[in-house]
Amino acid sequence: TLATEGRMDRINKTKQNAAKKKAQMLRNKRYAAGSAYGPPRLVTVLSLFESVDSETNTKNTSPKSLATDILQQMEHVSSTNVATTEYQQILTQHTGMIKKWNSRITLTCFQRTGDDGNDLIALLDILKVTDVILMIVPATINPDKIIDSFGEQVISSLRAQGFPSIIGVNQIKKTCNFAGKKKNNIRKLLQRFFDTEMGDGTKIMEHVYDDDNHDITTNSNANGMMEIETNRTLPTKKNSSSSNIDGNDQSVDQICRYISSLRLKELHFRNMRPYLIVNNIRKEISDSAENKINKCYLSGYVRGKPLNVNQLVHLTGIGTYQMQAIQEAKDPAPFVGRDRRSSVNANINNSSMMTNTDATVLCVADDSKQEPLQQFATVNPLAGEQTIFSEAELEEAGFTTNQQMFSPYENGDLLNNPNENG
């Protein structure tokens, strides 16, 4: 009957929609940030309170120590430094694998230089493309020592720009012994702070640090950004079943696990256009005397929408340029899975990257379809002006100035003969 056929159609339609949603979910998971076929997750370490403790004469938080501990969990690390000339900041990126949780991340650590204006603008440029923010706050029961003035500016600016995925980090010094009721009160206060400022459900993790003892040498450059020596031997991994596990290692492992499994927020302004973070820059100078740059090669992971070679590219703090071609670049930190086959393939890719310098050209710009660099129309200085023409110009153009074209009132006949027509 018709009723039975309509019911079967609705059931089939529901099954088709469910199958489409499942295929879309698997596709997004396969090509998501941090997966084997997607770009690495960009994680930024940021402290909301960096004031100096008057009693111990040390800072209350240390983003550098957290980044160092996370970097210890990473393997196959590739580090790059990218400088922004306008704000005098250096973005140090460390891309590598967290093999235990089968994910790939790019780790950055932001430290202040003292100039809050330039620091805020540079930080917002970094957070525009950040997938996960590790927001560090000190372990305290004083609400006034959770966030400083610069941290308030960052949060209010992020409200206008858009919050990415956020993980709160309760950083505790190794010399401080918080236990029992005091530790619970600190956790409740910080949870209430993150729920109020960033929304309900923000996860808070703990991190114990010691500024005087690090296994990795860390240095700060002139601009305050973190530089970490990555050419070192990783410490021997401890057995997870052993009872003698360091509490700090457990907390860092939990942070890495949550970074790898966290569902990322979708920001509209980020998904509507392609963007990338530059990993490597290579210049071709034609005239060394005048120092003219004809070509500049930029490499990085493309995120967001597909990149069109005919569209314009804006470099933050530098300007807008046209693209000549898009080439395929070797992955500096390829995804390395847990099995042996993927590890062998990664080693082959790394060796070919060091020996093969020829890049495959994917597409070349078409001059007829390429967007022009001229952003504004040419201004006509006479546009909108009312010009008074002479009688000779009007006659030359074919217009007549005969007075008979006008009415008697306009010709002034009634003014000259006021007695006419009564």
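Which residues line the largest cavity? The close-ups below, all taken from a predicted model, start with that one.

**View 1. A look inside the largest cavity.** Here you can pick out the lining: Leu42, Gln93, Thr95, Thr106, Ile277, Asn279, Tyr301 and Arg303. Strand E3 (89–98), strand E10 (275–287) and strand E11 (292–303) each give two or more residues to it. The space inside comes to about 40 Å³. In total, the structure has 2 cavities of 30 Å³ or more.

**View 2. Helix H5 from end to end.** H5 runs over residues 181–198, so 18 residues in all. Counting 1.5 Å a residue, you'd expect a span of 26 Å, and the end C-alpha atoms sit 25 Å apart, which agrees. Just past the helix comes Gly199, with a positive phi of about 105°.

**View 3. The two sides of H5.** Ile186, Leu189, Leu190, Phe193, Phe194 and Met198 are the buried ones. Looking down the helix axis, you'd find the buried residues within an arc of 130°, so they line one face. Turned away from that side are Lys181, Lys188, Arg192 and Thr196, which are exposed.

**View 4. What covers the buried residues of H5.** Among the elements doing the covering are strands E5 (132–138), E6 (165–173) and E7 (203–209), along with helix H4 (149–161).

**View 5. Two cysteines, Cys256 and Cys363.** Cys256 has 1% relative accessibility, so it counts as buried. Cys363 has 28%, so it counts as partly exposed. As for disulfides, the structure holds 0.

How values were computed. Residues numbered from 1 in each chain as written. Predicted model: local features only at pLDDT ≥ 70, side-chain atom pairs only at ≥ 80, totals over all residues. Heavy atoms only, no water. Helix = DSSP H or I, 4+ residues; strand = E, 2+ residues; numbered from the N terminus. Expected span 1.5 Å × (residues − 1). Buried < 20%, exposed > 50% of the residue type's maximum accessible area, 1.4 Å probe, protein only. Arc of directions from axis to C-beta. Contact = heavy atoms within 4.5 Å. Disulfide = S-S within 2.5 Å. 1 Å grid on protein atoms, 1.4 Å probe; cavity = no way out; pocket = protein on both sides within 12 Å on 5 of 7 lines; lining within 4 Å. Points joined across faces, edges and corners; volume = space filled by probe spheres on them.
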